[in-house]
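Visitor: I'd like a walk through this one, starting with the sheet and ending at the ligand. Can you set the terms as we go?

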Amino acid sequence: MVITRYDLSRTELADLLEGEPNYRVDQVWEGLHSQHRDPADLTNIPKKLRSAIESLLPAALTPLREVSADNGTTIKNLWQLSDGHLIESVLMHYRDRSTVCVSSQAGCAMACSFCATGQVGFDRHLTTGEIVEQVIRASQHSVDKRVSNVVFMGMGEPLANFDNVWSAIERINTDIGIGARKITVSTVGIIPGIERLSQQKLPVSLAVSLHSANDKTRNHLAPINRTYPLRKLAECLQNYKRARNRRISFEWAMMSEVNDTDEAARELAAFARPLNAHVNLIPLNPTPGYATSPSGPEAIVHFRDLLDSFGVNTTIRSNRGTDIDAACGQLRAEQAVAFSKRPKR
Ligand code: SAH
């Protein structure tokens, strides 16, 4: 594997720049992390050193495509990694914050039936540097509005790549300067990963992609539920809550007749209430491999009202990027089709 710009720790960078005074190492480190600069733009260091850093530490991400949606407030990037794999990240500007949604793996092994990435399968874990660089690239793109939040809701299951994800989180927090609470790890419900998360020092936010509070339905939507069923997940989340004293949120992609019925709302309320969890409802983003339709706007409002009446705190979230078919996983899927349609020579 190629070592890229953000793979090194500060000590490793100092070793690489052996012979340079400490303040130079600081200048390079700060330039790359806090000022989000490319090595070529580190004009405060001698040109020779700049070029040396450029050739020793290549960028991890090569831009392949950039599309913008929602009047320019959503910017989606498709990146190529040094070994050819493709990943996506998305920058979303809101009135009060700018959030970057990052990938933690190329592909995903969780095989959730409705998810474009899950339908394609797993390529490999991302390195710490590949994760950190997604945040840096978003920050470079967002000069007027500082990137304030990071969500691990792009491709991959972050808790299945715990070590690299965690060291990326430490770097994003300490060196890039984004508050721990503004970093959200989203998981399909990997119990050992949630347990490890609860032992870490930084109080990051946790989102669980629940989508159903009924084992039979959830086994079908998220097959990992067979390994980590709802009863065990609830127990694990109770322990997490006790250890961290933080509110957990549940993601619920609204699918017509699958998880938007009154019965589904009752099951969800019974699961969420003892945990005092917050629920985010998102309209399902249609994918080629899953025939179910998204719930309509009235069904979503009805479901929200029902949850409210059961005492569950609920928000309806807009699904960014759908107007250009660029929601979760779709850019890469399109690119793969475009590649496979190329005439063979
Ligand atoms: N593996 C992690 C993070 C990546 S997926 C997880 O499962 O949480 C990020 C979020 O997008 C998850 O909540 C996932 O369930 C949701 N998602 C995936 N495909 C979707 C689709 N087609 N429509 C709506 N949400 C989707």
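Guide: Two strands pair if DSSP finds at least two bridges between them. Strands (E, at least two residues) and helices (H or I, at least four) are DSSP runs, numbered from the N terminus. This is a predicted model, where local features need pLDDT of at least 70, side-chain atom pairs count only at pLDDT 80 or more, and totals for chains, interfaces and linings use all residues. Residues are numbered from 1 along each chain as its sequence is written, and side-chain values use heavy atoms, with hydrogens and water left out.

Visitor: Why do strands E1 and E12 each have one side without a neighbour in the sheet?

Guide: The sheet is open, has mixed pairing, and runs E1-E2-E3-E4-E7-E8-E9-E10-E11-E12. E1 (62–69) and E12 (314–316) stand at the edges, so one side of each stays free because each has a single partner strand.

Visitor: In which sense do E8 and E9 pair?

Guide: One bridge puts Thr184 opposite Ser205 in E9. Over four bridges, E8 and E9 (residues 205–209) pair in a sense that is parallel.

Visitor: At what angle does helix H5 run to E3?

Guide: Axes are lines fitted to C-alpha atoms, for helices over the stretch in contact (heavy atoms within 4.5 Å), and angles run from 0 to 180 degrees between N-to-C directions. H5 (residues 128–141) lies across E1, E2, E3, E4 and E7, and its angle to E3 is about 40°.

Visitor: Which polar side chain atom distance to a ligand oxygen does His211 give?

Guide: A polar contact here is a pair of N or O atoms within 3.5 Å. The side chain of Glu157 has an N or O atom 3.1 Å from a ligand nitrogen, and a backbone N or O atom of Thr187 sits 3.4 Å from a ligand oxygen. For the polar side-chain atom of His211, the distance to a ligand oxygen is 2.6 Å.

Visitor: How much of the ligand's area does the protein bury?

Guide: Accessible areas come from the Shrake-Rupley method with a 1.4 Å probe. Taken alone, the ligand exposes 530 Å², and the buried share is 92%.

Visitor: Which strands give two or more residues to the shell around the ligand?

Guide: A residue is near the ligand if one of its heavy atoms lies within 4 Å of it. Two or more come from each of E8 (183–187) and E10 (249–254).

Key: A polar contact is a pair of N or O atoms within 3.5 Å; within protein, one must be able to donate a hydrogen and the other to accept it, and residues adjacent in sequence count only if both atoms are side-chain atoms.
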